[in-house]
Amino acid sequence: TWMLLLKPIRYFNPNWISNVILFSNVNNHFWYGFLSTMRYNFSDRLTFSGGIDGRYYRGDHYRKIDDLLGGNYYASDFGARVDPLNTKLVEGDRILFDNSGFVRMGGVFGLLEYKRNKFSTFLNVSTSIQGYSAEDYIRAKIVTLPDTSFLVGFSNTEYYSDSVYHNDKVYTLDSPEAQNQRIDWINLFGFTIKTGAAYNINDNHNVFFNTGYLSRPQKFINVITTRDRSKLKPFDLTDNELVRAVELGYGFKSRIFSANLNGYYTNWENKPVDSPPSVLEDPTDPESDRIPVNILGINALHKGIELDFAFKPIQNLSIEGIASIGDWEWTSAATVVISVEDESSFDFDAEGVKVGDAAQLQLGGLVRYEPIKGLYFKLKSSYFGNNYANFQPEDLKGDNARRQSWKMPNYMLVSAHAGYTFNIGKIRLAARANVINLFDTVYISDARNNDQYSSSQLKDFDAASATVYFGQGRRWNTSLQISF
């Protein structure tokens, strides 16, 4: 639940206008689909499995008034279909945004596996068509005529007005020609090819190899934007992500110790940033509207090594550990297309800038002790380092091209867990207790470099210029599971 604070109410009045309200963001998700698989053994060595997959998704997203905090109604122009002078909004009314996103997907996949003695290999192929659509219920409506189209809605800006005169006729929100803004289905094709092999040298040692090529459609937020002030619209360009990856590994297994070590190298083309950035519509006017833009043609290289192990020196004690050391960097410059119509764009250079919001050094450990059957105590720790803030493309120009984003402080989290499973007659009970962030560590889990939404106007690529998200403090939970 969020709070919108404008100004306090000072005097009692039966027609109080709420200037302070509480509102909430609502996201309702609906998934439907089917999955059909089959498996056929050509021989003891060769097996085929495959199937078809279909899914449909609808997500409803809106903001609604939860509490008027003593007032009788709320007056606002938060929504182009609301007359700010004559509409009284009450609890439950929707403001600011109200839209639905739709996704439909259909695909086929197949897996061929071959095993002989100590050797095994596989080939996996899949293909899919993914469609995106959206509809808005609060922005200005659109009137589409044979010779033109325009928006109608209440507004004090130049984008649209509550009545439009065209060819001797007046069009308003109530005109039958005025319809919700809707994006027709945008269908994108993708496919994957993966293969790999493993060889068991003996009972203790094995080696493996995997490689793959993926052509993956962009995510919904990189295809359709709902963040534009006046229009629901698709981005101009939506080229697929292209991923080429290779992995080599070694495994060891014995009665008291096992471990896996692997190295990976992934070349990722057209990799999107976490969410499309927004830029000033007029770069020379810092007060102009910000408009969302899409970024294509930017590539990243992910490489690193990973290790995990498990050690069990005695029957009731186990020790586990993981280590991940990565080197993830953007490797290219790119052009941000602001508008295809007027050919406006800007160039930026992110080569050598670290991929943000991903701790590229992760270390973890776990100790689990079971003094008696059914009773266990577990202590777990995780260390995160080399974590960089997400960059802002429009900042990486001129003298700041290739400039590194702010590096967040390293941190370690510890959690404690305990549980006991026992029987009372034919009833089985499992009691568990967990303490997360045992030492109440204060840490930053996410950050955005030189965030345009920050109240600070600094652009210094440091802590003072970034917006951050602090992780949760100490918390605990308990549970009791009863099985009959």
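Does Phe191 count as buried, partly exposed or exposed, and at what relative accessibility? In this predicted model, Phe191 has 28% relative accessibility and therefore counts as partly exposed.

**Aromatic pairs**

The structure contains 14 aromatic pairs. A pair of this kind is described by the distance between the ring centres and the angle between the ring planes. Phe191 and Tyr213 form one of them: the planes stand at 35° with the centres 5.9 Å apart, so the pair is tilted. This contact connects distant parts of the chain, since Phe191 belongs to strand 11 (residues 182-200) and Tyr213 to strand 12 (residues 205-216), 22 residues apart. Tyr213, at 26% relative accessibility, also counts as partly exposed.

A further pair is formed by Tyr411 and Tyr443, whose planes lie at 25° and whose centres are 4.5 Å apart, so the pair is stacked. Here too, distant parts of the chain are linked: Tyr411 is in strand 26 (residues 411-424), while Tyr443 is in the loop between strand 27 (427-436) and strand 28 (444-448), 32 residues apart. Tyr411 and Tyr443 are both buried.

Ring pairs also join Phe252, Phe257, Phe309 and Phe311 in a cluster.

**Lysines over ring faces**

The following table lists lysine residues placed over the face of an aromatic ring.

| Lysine | Ring | Distance from ring centre |
|---|---|---|
| Lys88 | Tyr73 | 4.7 Å |
| Lys271 | Trp268 | 4.4 Å |

In summary, the Phe191–Tyr213 pair is tilted, whereas the Tyr411–Tyr443 pair is stacked.

Note on methods:
Residues numbered from 1 in each chain as written. Predicted model: local features only at pLDDT ≥ 70, side-chain atom pairs only at ≥ 80, totals over all residues. Heavy atoms only, no water. Phe/Tyr/Trp six-rings, centres within 6.5 Å; stacked < 30°, edge-to-face > 60°. Helix = DSSP H or I, 4+ residues; strand = E, 2+ residues; numbered from the N terminus. Buried < 20%, exposed > 50% of the residue type's maximum accessible area, 1.4 Å probe, protein only. Lys NZ or Arg CZ within 6 Å of the ring centre and 35° of its normal.
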